[in-house]
Amino acid sequence: MHDIKEPLSGKLFIFPVISGVLLAFTLPPFNIAIAVWCSLIPLFLFINTPNISSKKVFWGGVVAGVIYFGKVVYPLLSLNAWGWLEVGGILQEHKILVLFFILSTAVFLSGILLGLFSLLFKKLAKENFFLKVSLIILPLLWILFEYIRARVLLGFTWGDLGYALHDSSYLLQLSSFGGVYTLSFFVVFVNIILFFIARETLHH
């Protein structure tokens, strides 16, 4: 297989888009939980593009994150979801715009976290380093970013990958050892393993 060079990496932004869409399919009303097991692989393949710049890696992560978290917060765009919020004056008149700004900010910041994760993935997922350390470090970094998102964005825990497994009675047993973060760790771990297999297959 010929290496994919930097000029083509712009066209390959479709791969982060695919990851964002697959992640969105794990949410209501779709609830396609099986998609979570391969949802990050297109993003990882994009990050693994030979000679791709760190800037494009970062924005690829942001693109995937914005698509996914945009779907996560979509139900909150309804004013009915904010009936408890009492504001007056000009804020009341433009309540939907204020809510849109707040939710858009939350989505973009969440996307930035995925962009930062993508940069770290690019640095850590090296040929000689991959199986020894990054298989553990990268899932740990993912759940660290989930934890940061929950703390920084006012308890915004929607979108933690582990929630996609809510219908799996067997895998839910893992949550007794760390809650939803353990489930998220396992999901990312499986995605990385499958990415490694896909990468080796494509290189032969």
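Q: Which residues count as buried in this predicted model, and what share of the chain do buried residues make up?
A: Buried means under 20% relative accessible area. The chain has 204 residues. By that cut-off, the share of them that is buried is 41%.

Q: How many helices and how many strands does the secondary structure of the chain contain?
A: Read along the sequence, the pattern is α-α-α-α-α-α-α-α. The secondary structure therefore has no strand to list, since runs of E with at least two residues would be needed for one. The totals are eight helices and zero strands.

Q: Among contacts between residues at least 6 apart in sequence, what percentage join residues at least 24 apart?
A: A contact here means heavy atoms within 4.5 Å. Of the contacts in the chain between residues at least 6 apart, those joining residues at least 24 apart come to 70%.

Q: Which helix supplies the largest share of the largest nonpolar core?
A: This core has 41 residues, and those with the most contacts inside it are F44, F117, F121, W142 and L161. Helices α3 (41-47), α4 (54-73), α6 (95-124), α7 and α8 each supply at least two of its residues. The largest share is seven residues, and it comes from α6.

Q: Which residues does F117 touch, not counting residues up to four places away in sequence?
A: F117 is among the residues with the most contacts inside the largest nonpolar core. F44 and W142 are also in that group, and both are touched by F117. The full set of its partners is F44, L138, L141, W142 and F145.

Q: Which side chains meet in a salt bridge, and at what N to O distance?
A: A search of the whole structure finds one salt bridge. Its pair links distant parts of the chain, with R149 in helix α7 and D160 in the loop between α7 and α8. The C-alpha atoms of these two residues, eleven residues apart along the chain, are separated by 9.5 Å. The side chains that meet are those of R149 and D160, at 2.6 Å.

Q: Why does D160 count as buried?
A: Buried means under 20% relative accessible area. D160 falls under that cut-off because its relative accessible area is 2%.

Q: Is R149 buried or exposed, and what is its relative accessible area?
A: R149 lies in helix α7. Exposed would need over 50% relative accessible area, and buried means under 20%. R149 is therefore buried, with a value of 3%.

Q: What C-alpha separation do L153 and L109 have?
A: L153 lies in the loop between α7 (130-152) and α8 (180-202), and at 14% relative accessibility it counts as buried. L153 touches A106, L109, S110 and I148, not counting residues up to four places away in sequence. L153 and L109 are 44 residues apart along the chain, and their C-alpha atoms are separated by 8.5 Å.

Q: How far does α8 reach from its first C-alpha to its last?
A: The helix has 23 residues. Its buried residues include V180, L183, F195, F196 and R199. At 1.5 Å a residue the expected reach is 33 Å, and α8 comes close to this at 33 Å.

Q: What is the area of the nonpolar surface patch that F25 helps to make?
A: F25 is in helix α2 (residues 14-25) and is partly exposed, with a relative accessible area of 30%. The other residues of the patch are V21, F30, I32 and I34. The patch area is about 420 Å².

Notes: Residues numbered from 1 in each chain as written. Predicted model: local features only at pLDDT ≥ 70, side-chain atom pairs only at ≥ 80, totals over all residues. Heavy atoms only, no water. Patch = residues over 30% accessible without salt bridge, like charges linked within 9 Å, V, L, I, M, F, W, Y side chains within 5 Å. Areas by Shrake-Rupley, 256 points an atom, 1.4 Å probe, with all protein chains shown as cover. Salt bridge = Lys/Arg side-chain N within 4 Å of Asp/Glu carboxyl O. Helix = DSSP H or I, 4+ residues; strand = E, 2+ residues; numbered from the N terminus. Buried < 20%, exposed > 50% of the residue type's maximum accessible area, 1.4 Å probe, protein only. Expected span 1.5 Å × (residues − 1). Core = buried A, V, L, I, M, F, W, Y, C linked by side-chain atoms within 4.5 Å.
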